Each structure stands twice: as C-alpha cells, then as structure tokens.
Amino acid sequence: MVHNSPNLDSLRSAWQEKYQAKKKLQTTKSVNFQIQQGDRFLACDQLSEALTCYRHALKINPNSTEAKQRLVKTINQQKELVQAKNNHPQPSISLTPHQQDNDTKVVAQVYLQQAQSLEAEGKWQKAIVSCQEALKFDSQLAEAYKIWGDNLHKLGNLTEAIGYNAKALVIKPNYAEVCLNLGSLSFQQQRWQQASYYYQKAVEIQPNCVGAYRNLARTYKKLNQQELMLDCWYQALQIEPNRATVAEHCKLAKIMGLKGRLDRAIFCYQQAIKLKP
C-alpha cells in the first residue's frame, strides 16, 4: 500500500493553488480583452460589434460587473439611436430574439443590483426608479417588485407596498420573504386574519423559518387563539433555541406544564439550563 507523504500532499496543494490562480488570471485577461475590444467598437459607433464582445465577456465570466455595465450602456445607446431614427419612442431594442432575451435579463439584473445598493444607502426613491428600469427589461422580475414594495414601506406607503409585494408573489408564488413582508404589512394595518394567512404561507414554503413562527405567534395572540400562539412559539424555540432568552424558555415551560404538555415543558427547561447551566 502506497501512502502519500506530507511533502507530496503539500506539493499537490501548492500546485492546485497555482493552477487555480493561473486559470483565474487567464479568465480575467480574456474578459478584459473582450471588454477592451468592445470599447474600441463602441468608440467607433459600431454598436452591434461592441455588443458581441460584451456578450463574449459575459460568457467567459457571467459575474463580470464591468461587462454587464458596458452591455447596459450599449443597449441604451442602441435604443436611443433607434428612437432618433424613427423620431418616436420605441419600446423594443433592435436585437435578434435570442440576443434580446439574454441581454434584457442581464440589463434587468444590473438595475436590480443598483436598486439594492441604493436601498442600502437609504436612497429609497432612487431605488424605486431603478426597480422601474429593471422591470422595463424584465417584467417578470419578482425581486424588483419586492424591492419596490420594500422601499415604499420605508417611505410610509403601506397600501402600495402591499400591492407591489402582491405582484411579486403572483410571479413567484413560493417567495417566502415576500409572504413575510405581506404578513408584517398586514399586521401593521391590524388585519390579523390576513397577516396570519401570509405567515402560514411563509411557513409552508420554508418550514424552518423562525421569523414566520414568531410573527404568527404574535398574530394569534391578537386573535385570542392562545393554543395556536403557544404552538407557534414552541416551534420557533425548537428551531432556534439559542435565539430565546432563559426567561422566555422558563415562561413557556411553565405554561406548557400547566396545560399538561410535559414533554414540551421539559424541552423548554432543558434549553434554559443549556443557556445558563
């Protein structure tokens, strides 16, 4: 039996690292070459050739932000050129069908990322504008509707926030995060039944969603449904016991004990002891 020496393993590891680094460098060089070629075509107003180069760059590295940005810029220039020639707005871009489908999705993702960055910076109105731009290129982008709704919520417009989150859910029915949003928005409007519906849907989609169980427990409390409230609270503690305090575990354990649910009471006490031995 042949055993690999530590030195041999070390050499193999070093070789792998060197190979991966070289491969990454070659990819970067290839992407940069395509982008530079595209830029040269763009400078000469050869938009179709520039688009081809940027698409090649994205085939090599689909995550190249620089290539995506160049593609967006070129498509917008092409669109403006078509509009100028026809002297009236043109909703579509002059591309072959398969190119248009791929390009518009890339452009939509760029605007979506822009919206996310603007939201993180607290520029909510500008984030909404970026969502609108994204949806011009991909009307079925559920994430854009969701972010639009999030920013409307931050601007204090609950009703429209619900509307845009609802649109996201129509496009993507298993969007647990949107269900949570709709539950919270409904809760804020004191629509307890509607809130419970959306939180339940979030749990169906994502059974280990602690936030959904906690919010559902709060909602059942508002609906005076104590048993369901306790069940949800217990489920949340089961999934993430360390998220609750010792006092919370003990409080629930006491209630479960009084109701004769001794197995659950024991579990809660055990978790409290683990947190504070």
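The side chains of Lys154 and Glu119 meet in a salt bridge, with N and O 2.7 Å apart. Lys154 lies in helix H6 and Glu119 in helix H4 (residues 97-120), so this pair ties together parts that are 35 residues apart in sequence. The two partners differ in how they are covered: Lys154 counts as partly exposed, at 40% relative accessibility, whereas Glu119 counts as buried, at 16%. The cut-off for buried is under 20% relative accessible area. The model is a predicted one, and its salt bridges come to 11 by the rule used here.

**Salt bridges around helices H11 and H13**

Another of the salt bridges is formed by Arg261 and Glu227, whose closest N and O atoms are 3.5 Å apart. This pair links distant parts of the chain: Arg261 is in the loop between helix H12 (246-258) and helix H13 (262-275), Glu227 is in helix H11 (residues 226-239), and 34 residues separate them. Arg261 is partly exposed, with a relative accessible area of 24%. Glu227 also counts as partly exposed, at 39% relative accessibility.

Arg264 forms a salt bridge with Asp231, and here the closest N and O atoms are 2.9 Å apart. Again distant parts of the chain are linked, with Arg264 in helix H13 and Asp231 in helix H11, 33 residues apart. Is Arg264 buried or exposed? Arg264 is buried, because its relative accessible area is 15% and buried means under 20%. Asp231 counts as partly exposed, at 23% relative accessibility. Salt bridges that share partners join Glu227, Asp231, Arg261 and Arg264 into one network.

The table lists the salt bridges described above.

| Positive partner | Negative partner | N to O distance |
|---|---|---|
| Lys154 | Glu119 | 2.7 Å |
| Arg261 | Glu227 | 3.5 Å |
| Arg264 | Asp231 | 2.9 Å |

**Aromatic pairs**

The structure holds six aromatic pairs. One of them is Tyr145 with Tyr164: the ring centres are 6.3 Å apart and the planes are at 15°, so the pair is stacked. It links distant parts of the chain, since Tyr145 is in helix H6 (residues 142-154) and Tyr164 is in helix H7 (residues 158-171), 19 residues apart. Both Tyr145 and Tyr164 are buried. With Trp148, these two tyrosines form one aromatic cluster.

The rings of Phe187 and Trp192 meet in another way. Their centres are 4.9 Å apart and their planes are at 65°, so this pair is edge-to-face. The cut-offs behind these names are under 30 degrees for stacked and over 60 for edge-to-face. Phe187 counts as buried, at 14% relative accessibility.

**A positive surface patch**

Which residues form the positive surface patch? They are Arg218, Lys221, Lys222 and Lys251. Helix H10 (residues 210-222) gives the most to this patch, with three residues. Lys221 is found in helix H10. Lys221 has a relative accessible area of 58% and is therefore exposed, the cut-off for exposed being over 50%.

Notes: Residues numbered from 1 in each chain as written. Predicted model: local features only at pLDDT ≥ 70, side-chain atom pairs only at ≥ 80, totals over all residues. Heavy atoms only, no water. Patch = residues over 30% accessible without salt bridge, like charges linked within 9 Å, V, L, I, M, F, W, Y side chains within 5 Å. Areas by Shrake-Rupley, 256 points an atom, 1.4 Å probe, with all protein chains shown as cover. Salt bridge = Lys/Arg side-chain N within 4 Å of Asp/Glu carboxyl O. Lys, Arg positive; Asp, Glu negative; His and termini not counted. Charge placed at Lys NZ, Arg CZ, Asp CG, Glu CD. Helix = DSSP H or I, 4+ residues; strand = E, 2+ residues; numbered from the N terminus. Buried < 20%, exposed > 50% of the residue type's maximum accessible area, 1.4 Å probe, protein only. Phe/Tyr/Trp six-rings, centres within 6.5 Å; stacked < 30°, edge-to-face > 60°.
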